[in-house]
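User: Got a minute to go through this model with me? I'd like to start with the cysteines.

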Amino acid sequence: MAELKYIPFYPGYMEDTSDLSDGEFRRLMYALCAYCEGAERPEPLTGKEVIAYRFITRNIRAAQDQYNAKCKANSENAKKRTQANVSERKRSQANDSQTSQYKEQRTKNKILLLLPRKRAKAGNNA
C-alpha cells in the first residue's frame, strides 16, 4: 500500500523524551527516519533511546496501518462510484434512445394528421 511520508511525532513525545540528552535525541530522530525509510539504524541506540524508539515505532506502525486502511476504503469507494457511473451512463443512453424513438413516432403522427386525407367516394367500391 501507500507509505506515510512523515513521522507522526505527537506533543506528548516531548515529555516522554525529556530525559534524553541532545545527542541521544538526535540519534533517536535519525533512527526513526531510517526506520521509516526501511533502512538500518545509523548508530546503535542506548537504553533510554531504545525505550523511546520502541514506543514511537509502535505508533508509526499504527499510523501506517490506519493510513493503509483509509487508502483501501477510498479505493473501494472509488471503484463503487465508477461502477455506479457506468451503470447510470448506460441507463441514461437507453433512456435517450427510447426518448428519441418516442419523439420520432410523435413527429410521424403529427405529419400524418396534417396531411390532407383522401376521401373515399360514396359510389366507388373498388
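User: How far is the sulfur of cysteine 33 from the closest cysteine sulfur?
Analyst: This is a predicted model. In it, the closest cysteine sulfur to that of cysteine 33 sits in cysteine 36, at 6.8 Å. That is too far for a bond, because a disulfide needs the sulfur atoms within 2.5 Å.

User: How many disulfides in the whole structure, then?
Analyst: The count is 0.

User: Is cysteine 33 buried, exposed or partly exposed?
Analyst: Cysteine 33 is partly exposed, at 38% relative accessibility.

User: OK, switching to charges. How many salt bridges does a search of the whole structure find?
Analyst: The search finds 2. One joins the side chains of lysine 48 and glutamate 24, at 3.8 Å from N to O. Lysine 48 belongs to helix α3, residues 47–114. Glutamate 24 belongs to helix α2, residues 22–37. The two are 24 residues apart, so the pair links distant parts of the chain.

User: And what does glutamate 49 pair with?
Analyst: Its salt-bridge partner is arginine 27, with 2.9 Å from N to O. Here too the pair links distant parts of the chain: glutamate 49 is in α3, arginine 27 in α2, 22 residues apart.

User: Which of those side chains are buried, and which partly exposed?
Analyst: Take the lysine 48 pair. Glutamate 24 is buried, with a relative accessible area of 13%. Lysine 48 is partly exposed at 44%. Now the other pair. Glutamate 49 is buried at 0% relative accessibility. Arginine 27 is partly exposed, at 21%. It counts as partly exposed because buried means under 20%.

User: Let's look at α2 itself. What span should its residues give?
Analyst: α2 has 16 residues, which should span 22 Å at 1.5 Å a residue. The C-alpha atoms at its ends are 23 Å apart, which agrees.

User: Which residues of α2 are buried?
Analyst: Glu24, Leu28, Ala31, Leu32 and Ala34. Viewed down the helix axis, they fall within an arc of 160 degrees, so they line one face of α2.

User: And what's exposed on the other side?
Analyst: Asp22 and Glu37 are exposed there.

User: Last one. What follows α2?
Analyst: Glycine 38 follows α2. Its phi is positive, near 80 degrees.

Methods:
Residues numbered from 1 in each chain as written. Predicted model: local features only at pLDDT ≥ 70, side-chain atom pairs only at ≥ 80, totals over all residues. Heavy atoms only, no water. Salt bridge = Lys/Arg side-chain N within 4 Å of Asp/Glu carboxyl O. Helix = DSSP H or I, 4+ residues; strand = E, 2+ residues; numbered from the N terminus. Buried < 20%, exposed > 50% of the residue type's maximum accessible area, 1.4 Å probe, protein only. Expected span 1.5 Å × (residues − 1). Arc of directions from axis to C-beta.
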